[in-house]
Amino acid sequence: MSKQGFSSGFSINSFINKEEKEEKEETVVTKTDNLPQHHFTETDLLMEWNLFLKQIQFKQAVVYNAVKSFKLVKIDESNVQVLYPSDSAKVEFDKISGEFFNHFKRKVLNYSIEIDYKKDIQNLKIEVVTKKKIFEKFIEKNPLLKDLDDLMKFDLS
């Protein structure tokens, strides 16, 4: 009852002596000279962005939460600036940016749109709202709550 030997296709000697092969990188250059370059407005850009956000909201929830705070601004006729809050959010945006901008270019018939990325630190500010801060805002609207707090000594910690 002898078993036939079989080869797994993996050789330790070939793995150890493996020569590093140079990988050739191919770049595709697309000429946009003959493609349409129609006018679009910032309103067109924002409408398509909001529509796109609604489409990915349930299908790609992680990506949606990362990119919902992005701001897209039209700088000039063929330049769009993307303001992003953090590098990790930009990584998520990179996953969907090709899909969005290809769709937008076809929609407005402008294939010469260039995208600039800019980190927007102001967009990152997230305020932590505590019960005490909420109550203080209510006090601003209704000063009688201050008297009630003094009388009842609420625990707002």
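This report describes strand pairing, aromatic contacts and charged contacts in one protein chain. The structure is a predicted model, and every value below is computed from it.

**The strands**

Strand β2, which spans residues 79–84, is a suitable starting point. This strand is mostly covered, with 6 of its 6 residues buried. The covering extends to both faces: N79, Q81 and L83 are buried on one side, and V80, V82 and Y84 are buried on the other.

Strand β2 has a partner in strand β1 (residues 71–76), and the two pair in the antiparallel sense over 5 bridges. Together, β1 and β2 form a hairpin with 2 residues between them. Within this pairing, D76 has N79 of β2 as its bridge partner.

Strand β2 is also joined to strand β3 (residues 114–119) by 6 bridges, and here the strands run parallel. The chain passes from β2 through helix α4 to β3, giving a β-α-β crossover that is right-handed. Two positions illustrate the pairing of β2 with β3: L83 has K118 as its bridge partner, and V80 stands opposite I115.

**The aromatic rings**

The model contains 12 aromatic pairs. One of them joins W49 and F93 in an edge-to-face arrangement, with 5.8 Å between the ring centres and 65 degrees between the planes. These residues belong to distant parts of the chain, as W49 is in helix α2 (residues 42–59) and F93 is in helix α4 (residues 87–108), 44 residues apart. Both W49 and F93 are buried.

W49 also forms an edge-to-face pair with F100, at 5.1 Å centre to centre and 80 degrees between the planes. Because W49 lies in helix α2 and F100 in helix α4, this pair ties together parts that are 51 residues apart in sequence. F100 is buried, as is W49.

Ring pairs connect these residues into a wider cluster, whose members include F40, F52, F70, Y84 and Y117 as well as W49, F93 and F100.

Two rings in the cluster, F40 and Y117, also carry a lysine over them. The charged end of K74 sits over the ring of F40, at 4.5 Å from the ring centre. K90 lies over the face of Y117, 4.3 Å from the centre of that ring.

**The salt bridges**

Side chains of opposite charge can pair when their charged atoms come close. The whole structure holds 6 salt bridges, and the table lists examples.

| Salt bridge | N to O distance |
|---|---|
| E48 and K107 | 3.7 Å |
| K74 and E77 | 3.8 Å |
| D150 and K146 | 3.7 Å |

The bridge between E48 and K107 links distant parts of the chain, since E48 is in helix α2 and K107 is in helix α4, 59 residues apart. The surroundings of these two residues can be stated separately. E48 has a relative accessible area of 8% and is therefore buried, whereas K107, with 52%, is exposed.

K74, the lysine placed over F40, also takes part in the salt bridge with E77. With a relative accessible area of 16%, K74 is buried, while E77 is partly exposed at 37%.

How far apart in helix α6 are D150 and K146? They are 4 residues apart, so about one helical turn separates them in this helix, which covers residues 144–152. D150 counts as partly exposed at 40% relative accessibility, and K146 is likewise partly exposed at 40%.

Note on methods:
Residues are numbered from 1 along each chain as its sequence is written. This is a predicted model: local features need pLDDT of at least 70, side-chain atom pairs count only at pLDDT 80 or more; totals for chains, interfaces and linings use all residues. Side-chain values use heavy atoms; hydrogens and water are left out. Rings of Phe, Tyr and Trp (its six-membered ring) pair if their centres lie within 6.5 Å; planes under 30 degrees apart count as stacked, over 60 as edge-to-face and the rest as tilted. Buried means under 20% relative accessible area, exposed over 50%, partly exposed in between (1.4 Å probe, protein chains only). A charge sits over a ring if NZ of Lys or CZ of Arg is within 6 Å of the ring centre and within 35 degrees of the ring normal. Two strands pair if DSSP finds at least two bridges between them. A crossover is right-handed if, with the strands pointing away from the viewer, the path from the first strand over the helix to the second runs clockwise. A salt bridge is a side-chain nitrogen of Lys or Arg within 4 Å of a carboxyl oxygen of Asp or Glu.
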